[in-house]
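Please look through the sequence and the structure shown here before reading on. The notes that follow are grouped by topic, so that each can be checked against the picture.

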Amino acid sequence: MKQQWTQDNLTSLQSSILAEEQKHPGATGEFTWILSAISLATKAIGNKVRCARIQDVIGDIGEQNIQGETQQKLDVIANEIILRCLGDRDNIGILASEENETPFLLRKRTDGGKYAVLFDPLDGSLNIDSSVGVGTIFSVLRLSDLGSREEAMLRPGVEQVAAGYVLYGSSTVLVLTTGNGVDMFVLDHAIGSFVLVSKGLKIPSENKTYSINEAYTNKFSDNIQSYLRWAHENEYSSRYIGSMVADVHRILLKGGVFLYPPTDTKPEGKLRLMYEANPMAMIIEQAGGKAVAGGERILEIKPDGLHQRTGVILGSIDQVDAVLQH
Ligand code: AHG
Ligand code: MN
Ligand code: MN
């Protein structure tokens with residue numbers, strides 16, 4: 001009989017990852033080392049996001065980043081927090097951020113730099129000022145010995161060894177996959193730990209909800225416009241927050257389809273392959289969903305550059321297929 005006064009949940013992120021590592025013979029615990037740095041960094045970022053208006057770190061810094069987008073103060077702060085927390089992890093060879101033109105080549109493979117961590121330090125940052133959910137997205141690749149350092153990192157998404165995001169919303173939620181399903185943790189501020197709340201998440205099907213910025217409808221391809229007309233005639237509902245992490249998290253839990261297709265002004269699409277589309281695609285596929293760019297599986301795209309963009313259509317298989325049928 002479960003005592004009512006016991007803490008409901010005490011499986012922490014660390015213990016959950018260590019349990020997972022036990023399943024891999026020869027696991028060295030260095031994976032936990034990286035994920036614990038991500039846990040620390042995102043707790044610190046979440047605190048900054050919650051206090052943004054009090055500490056007057058909302059708004060932009062008056063400069064553009066490498067993406068040609070106005071950099072928000074919190075983009076810079078979140079980036080610095082992650083670089084500091086991950087920078088001293090001696091098994092990380094490369095750190096690559098949406099906010100930095102070139103990756104940080106920390107240590108060679110031969111000096112122990114086994115992994116590359118790529119990240120969007122603050123996703124949806126234009127929503128910060130209105131207290132709408134924003135997040136951090138991360139992707140972990142094991143570095144091969146091949147080629148130059150940057151080449152070693154430009155690997156297709158199928159090679160990710162882990163992917164996840166933290167959503168700073170009404171609660172701080174960490175969603176993680178290491179290739180064996182998707183687990184969800186919530187930050188319990190009372191004990192300062194991410195605690196496991198769901199294991200083996202599966203994306204629900206048959207939810208007739210699409211998530212797209214309809215302001216660009218006239219700029220989308222004919223087949224996307226045809227899909228939207230069909231959806232309007234078939235009792236679909238629409239939900240769009242404008243933070244990829246928040247939109248994808250809703251789809252992971254409720255089903256539906258998220259689309260950020262190419263437009264005539266952004267023919268490559270807006271979202272970045274290496275640290276937005278790939279990690280989200282791995283999570284969605286691990287939860288039994290589908291993630292494509294046009295007709296191609298996102299995880300099989302061979303990257304040419306760290307900041308390359310791609311179209312994104314992801315969600316439950318039935319809802320993604322409903323898009324592809326137009
Ligand atoms: P970021 O804040 O990291 O630049 O990402 C913003 C992205 C993504 O979060 C979201 O899905 C998309 O921009 C929204 O773009 P629109 O405002 O063009 O709809
Ligand atoms: Mn982003
Ligand atoms: Mn960002």
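**Two aspartates and their surroundings**

D120 is a buried residue, and D123 is buried as well. The model is a predicted one, and the points below begin with the metal ions before turning to the sheet, the helices, a hairpin and the cysteines.

**Metal ions**

- The manganese ion (ligand 2) has three kinds of entry in its list of protein donors, namely D120 (OD), D123 (OD) and E276 (OE), and these lie 1.9 to 2.1 Å from the ion.
- Along the sequence, the donor residues of the manganese ion (ligand 2) follow the spacing D-x2-D-x152-E.
- D120 also forms a bridge between the manganese ion (ligand 2) and the manganese ion (ligand 3), and these two ions are 3.7 Å apart.

**The sheet and the helices packed on it**

- An open sheet is built from eight strands, which follow one another in the order β4-β3-β5-β6-β7-β8-β9-β10, with mixed pairing.
- The edges of this sheet are β4 (104-105) and β10 (193-198), each of which pairs on one side only.
- Within the sheet, strand β5 (residues 115-123) pairs with strand β6 (residues 134-142) in the antiparallel sense, over seven bridges, and F119 stands opposite F138 in β6.
- Helix α6 (residues 244-254) packs on the sheet, where it touches β5, β6, β7 (160-168), β8 (172-177) and β9 (182-188), and its direction makes about 105 degrees with that of β7.
- Helix α7 (residues 273-286) lies across β5, β6, β7, β8 and β9, and it runs at about 100 degrees to β7.

**A hairpin outside these topics**

- Strand β1 (residues 60-64) pairs with strand β2 (residues 70-72) in the antiparallel sense, over two bridges, and the bridge partner of D60 in β2 is Q72.
- Five residues lie between the strands of the β1 and β2 hairpin, in which G68 takes a positive phi near 75 degrees.

**Cysteines**

- How many disulfides does the count come to? The count comes to zero disulfides, where a disulfide would need a pair of cysteine sulfur atoms within 2.5 Å.
- The sulfur of C51 cannot take part in such a bond because the closest cysteine sulfur, in C85, is 16 Å away, which is too far.
- Seen from C85, the closest cysteine sulfur is likewise that of C51, at 16 Å and too far for a bond.
- C51 is buried, with a relative accessible area of 18%, and C85 also counts as buried, at 14% relative accessibility.

Terms used: Residues are numbered from 1 along each chain as its sequence is written. Chains are lettered from A and ligands numbered from 1 in the order in which they are written. This is a predicted model: local features need pLDDT of at least 70, side-chain atom pairs count only at pLDDT 80 or more; totals for chains, interfaces and linings use all residues. Side-chain values use heavy atoms; hydrogens and water are left out. Two strands pair if DSSP finds at least two bridges between them. Helices (H or I, at least four residues) and strands (E, at least two) are DSSP runs, numbered from the N terminus. Contact means heavy atoms within 4.5 Å. Axes are lines fitted to C-alpha atoms, for helices over the stretch in contact, and angles run from 0 to 180 degrees between N-to-C directions. Donors are N, O and S atoms within 2.8 Å of the metal (3.2 Å for Na, K and Ca); water is not among the atoms, so sites may look incomplete. Buried means under 20% relative accessible area, exposed over 50%, partly exposed in between (1.4 Å probe, protein chains only).
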